[in-house]
Amino acid sequence: MTSTSLTVAASGRELASTAPRTGPIPHPAFHHVLKGAVLQSDWAARALCNASATAEVFASGIDAESLEELMQMQHAALQRLFTLQSSWLQDWKSWIQYSDLIKGANTTFKFVEREGNIVAQCVQLLSKQSADLIGLQENIDVDYSYWINQKLSEKRKSLSIAEN
């Protein structure tokens, strides 16, 4: 006697998540590096989309109002950069004053501890400034992406109306 049965197979994702792991487990640093690569790939993809939309908008001509808006965005970005720069200069001035206040140490331990603190604060300032700059860049990318896609949508709408 033979029996037949219906077997429903799970999707590939479900199988992968339920399958026992074979082989070595990757080090957590691998996931950290991979995350950086994913973020950079996402940024590059957004930049290419912006470039494509920009080419399409400018190929059909740009009006004076759009050009004025673009100049205003550039001015706003420069203003934000100048504000950051002013803040950074103040931070470095404070760091220099702090590092000058720490006088010599009477033991090697105290000397290393104080110098290490000065270096740690320097690294912290550099890290903060890098994050500020990347944050500004991402903000500009998002603002520009929104603007150029609005312009592209307007151009496409006006072209479709003109064709009908």
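**Exercise 1. Find how far apart in sequence the contacting residues lie, and describe the overall fold.**

Among the contacts in the chain with a separation of 6 or more, 82% are between residues 24 or more positions apart, where contact means heavy atoms within 4.5 Å. The model is predicted, so local features need pLDDT of at least 70 and side-chain atom pairs count only at pLDDT 80 or more, while totals for chains, interfaces and linings use all residues. Residues are numbered from 1 along each chain as its sequence is written, and side-chain values use heavy atoms, with hydrogens and water left out.

Next, take the secondary structure: the chain has four helices and zero strands, in the order α-α-α-α along the sequence. Helices (H or I, at least four residues) and strands (E, at least two) are DSSP runs, numbered from the N terminus. Of the 164 residues, 12% count as buried, a word that stands for under 20% relative accessible area, with exposed over 50% and partly exposed in between (1.4 Å probe, protein chains only).

**Exercise 2. Compare the spans of helix 2 and helix 3 with their expected values, and locate their buried residues.**

The expected span of a helix is 1.5 Å times one less than its number of residues. Helix 2, with 32 residues, reaches 47 Å from its first C-alpha to its last, close to the 46 Å expected. Helix 3 (residues 64–101) has 38 residues and should span 56 Å, which agrees with its end C-alpha atoms being 56 Å apart.

The buried residues of helix 2 are N50, A53, T54 and V57, and they pack against helix 4. In helix 3, S66, L70, A77, L84, W88 and W95 are buried, and what covers them includes helix 2 and helix 4. Just after helix 2, G61 takes a positive phi of about 95 degrees.

**Exercise 3. List the largest nonpolar core, then examine Y144 and N50.**

A nonpolar core is a set of buried Ala, Val, Leu, Ile, Met, Phe, Trp, Tyr and Cys residues joined through side-chain atoms within 4.5 Å. The largest one has seven residues, namely A53, V57, L70, Y144, W147, I148 and L152. Two or more of these residues come from each of helix 2 (28–59) and helix 4 (108–163), and helix 4 gives the largest share, four residues.

Leaving aside neighbours within four places in sequence, Y144 is in contact with N50, T54, L70 and M73. N50 is placed in helix 2 and counts as buried because its relative accessibility is 9%. With the neighbours within four places again left aside, N50 is in contact with D141, Y144, S145, I148 and N149.

**Exercise 4. Describe the largest pocket and the setting of E138.**

On a 1 Å grid over the protein atoms alone, a pocket is an open set of points where a 1.4 Å probe fits, with protein on both sides within 12 Å along at least five of seven lines, and lining residues have an atom within 4 Å of a point. The largest pocket has a volume of about 200 Å³, a volume being the space filled by probe spheres set on the points, which are joined across faces, edges and corners.

The lining consists of G36, L39, Q40, W43, R46, I134, Q137 and E138. Helix 2 and helix 4 each give two or more of these residues, and the largest share, five residues, comes from helix 2.

One lining residue, E138, lies in helix 4 and counts as partly exposed because its relative accessibility is 43%. E138 and W43 are 95 residues apart in sequence, and 8.6 Å apart in space, C-alpha to C-alpha.
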